[in-house]
Each structure stands twice: as structure tokens, then as C-alpha cells.
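Student: I have a model open and would like to reason through its contacts and helix packing. Could we go step by step?

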Amino acid sequence: MKLLVLGCETMREGVVVTAIFLVVGIVLILAGVKVVPDFAYMKHIVLLVGFLLMLFAPVILVSTFLISVLPGAKKKMDECEH
Amino acid sequence: MNKLKLPLFITRHVLFALVIGGLAGMAFILFLIEFDHFTSTEEFCTTCHSMELTADPYRQSVHYAPASGVRASCGDCHVSEGVLAATWDHFIGGKDLFNQIFGPDYDDPVIKALHLPEAAFAARRWFRAKDSATCKRCHVQEAIHGTRPDTLLIHQEDAKGKSCIDCHYNLVHRRVPDEKTFKREKWNRMIEQEHDLDPGAADVLLAN
């Protein structure tokens, strides 16, 4: 439940993690398609991990946003310094 | 002349976030489309040796080399249309990679043949659940006239309430009987004969 307590830091972390997931996901997919050799399912594993990271990026962002609009959290967020 | 004023809540930070977020969203969708496209190709699907065994009969089928030259690739039949549905199919399909790595040795033609019926039944259930949507990407029921006199009538009258897969299966991959009439015992004996195995060997291989 502590994870759901959203502060200014958590919101920023959510955005940063989303950005990292998206960039790493894209890099892994590109690597899986172009660079990684087709050996011991490495290509498939790299592609799957990249795909999952890329899928989770918007999920994290949307979840953080949804938590931030909860009545209690919204009041806290209004006090954040941008 | 009145100057166009932005609402007060659109600050420099909000504008920055909107631009970056928009670009990231575009990159996300573009990569998703490219990923779905790449992983739907025959070239990608057959990177696993076990899939080569599945693809061999496909390469002899009319879906691979029709007179019209219109070739249906793996994704055309087995991946839903639309980026979200296709992404979901690939997400669910991730379990096949898990099974390929940690499951039975599907690269072995005998193991592959023994497990084939379950795979075929699952694929047919998927087609049925989607009302054969991927068939209908190319085939229009109202436009099926065929060369036999009753083809049109069958597709207009008898096909009511049915999906393409209810009648049209075993068109592309190795023939597998209908799930209702399938007999595991007979199938195992057939695979044993085909691969010169001792009687009962198929049951042992299947149990492992």
C-alpha cells in the first residue's frame, strides 16, 4: 500500500522510469532485429524483453497519472514545486 | 488586433511535457507497428527450428503458392489486425518462447508431431473465437462463387451461423483430425510407424 502513496518524488520517478523503459525497450528491439545473433534463443529473448519494457512504459505512466488524480493525492500534488 | 492567448495552466513546463510526451507516444506506436510487422513474418517465425517443421507443409500449400501469387504469411493468418490486437497476440505468444526454451524439445520432429494436435486445436479455437477474422482479411464470403455449382449456395445457405474454420481446416499445415473425433492412441501409433519407433515409445516421449 505504501507504493500507492504518491508524492512529488514518486510522480517524477514514474516519468523517469517510463522514459527509461521506453528508450531501453526501443534499443533492445533494434538490437534484437539487427545485432543479436540467432544463437540459443538470444534474439528472441532480447526482443521479448524489449517488447515487454516498451509495453510497460505507458502502463507505468498511466498508472502514476491515475494514482495522482485520486482526491487525496491530487491535493498533495498541487503542493509540488515544478 | 487581439492576440491569441494560451490558457493559464499551459506553462512552459506543460508545453515541454506535451511535446516530449507526444514524440515519445509517436515513437511508441511506430515501434509497436514495426515490431508487430517484423515478428509476423515467416522469416522471423522460422528462426526456431521447430517452426521450420510447421512451415514445411505450409510451403507446399495453396496459401503459400496460389495461382494468383497472393501469399499469406504467418502473421496474415495467426496475428489479429490492428496494432493493439496484434500487440496483444504477440504478448500472449510470448508463452510459446517460454515453452520452446523450457518445455519439451519441439525441435525433434517426433516430439513436435506428438504435440501437434494440441497446437492445432488451440489454433482452431483461436480462429473460432475471432470468428475467423484473419481469413476474412482476404476472403469475402459473399464473393465466393467457386468452380462447382453448389459452392455459392453452400457459402450463402449452409454457412449461416458458421465460421470459416468450422469447415476449412487442414488447409495449410500437417493434417490433424477434428478435436471431437481425435484419438490420441491412434495418433501415437501413427507417429511411431512414421518414425520407425518401438511400440509404446510415443507414450513415453509424450509423458516426459
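Tutor: Gladly! This is a predicted model. Start with A:Ala57: leaving aside neighbours within four places in sequence, A:Ala57 is in contact with A:Thr18, A:Phe21, A:Leu22, A:Gly25 and B:Phe28.

Student: What makes these residues count as being in contact with A:Ala57?

Tutor: Two residues are in contact if their C-beta atoms, placed from the backbone, lie within 7 Å, so the listed partners, B:Phe28 included, meet that cut-off with A:Ala57.

Student: Which nonpolar core is the largest, and what does it contain?

Tutor: The largest has 12 residues, among them A:Ala57, A:Phe21, A:Leu22 and B:Phe35. Helix H2 of chain A gives the most to this core, with six residues.

Student: Why are H2(A) and H5(B) called roughly antiparallel?

Tutor: They pack at an angle of about 150 degrees, with their axes 11 Å apart. Angles over 145 degrees count as roughly antiparallel, and therefore the label fits this pair. H2(A) also passes H5(B) in a left-handed crossing.

Student: Which residues meet there?

Tutor: From H2(A) come A:His44, A:Leu48, A:Phe51 and A:Leu55; from H5(B) come B:His90, B:Phe91, B:Gly94 and B:Leu97.

Student: How do you know how many of these are nonpolar, polar or charged?

Tutor: Leu and Phe count as nonpolar, whereas Gly is among the polar ones. The contact thus divides into five nonpolar, three polar and no charged.

Student: And the contact between the chains, how many residues does it take from each?

Tutor: It takes 13 residues from chain B and 15 residues from chain A. On the chain B side, H1(B) gives the most, with seven residues.

Technical notes. Residues numbered from 1 in each chain as written. Chains lettered and ligands numbered in written order. Predicted model: local features only at pLDDT ≥ 70, side-chain atom pairs only at ≥ 80, totals over all residues. Helix = DSSP H or I, 4+ residues; strand = E, 2+ residues; numbered from the N terminus. Axes fitted to C-alpha atoms, helices over the stretch in contact; angles between N-to-C directions. Parallel < 35°, antiparallel > 145°, perpendicular 65-115°, else oblique. Left-handed = near helix turned anticlockwise from the far one by under 90°. Core = buried A, V, L, I, M, F, W, Y, C linked by C-beta atoms within 7 Å. Buried ≥ 20, exposed ≤ 12 C-beta atoms within 10 Å, placed from the backbone.
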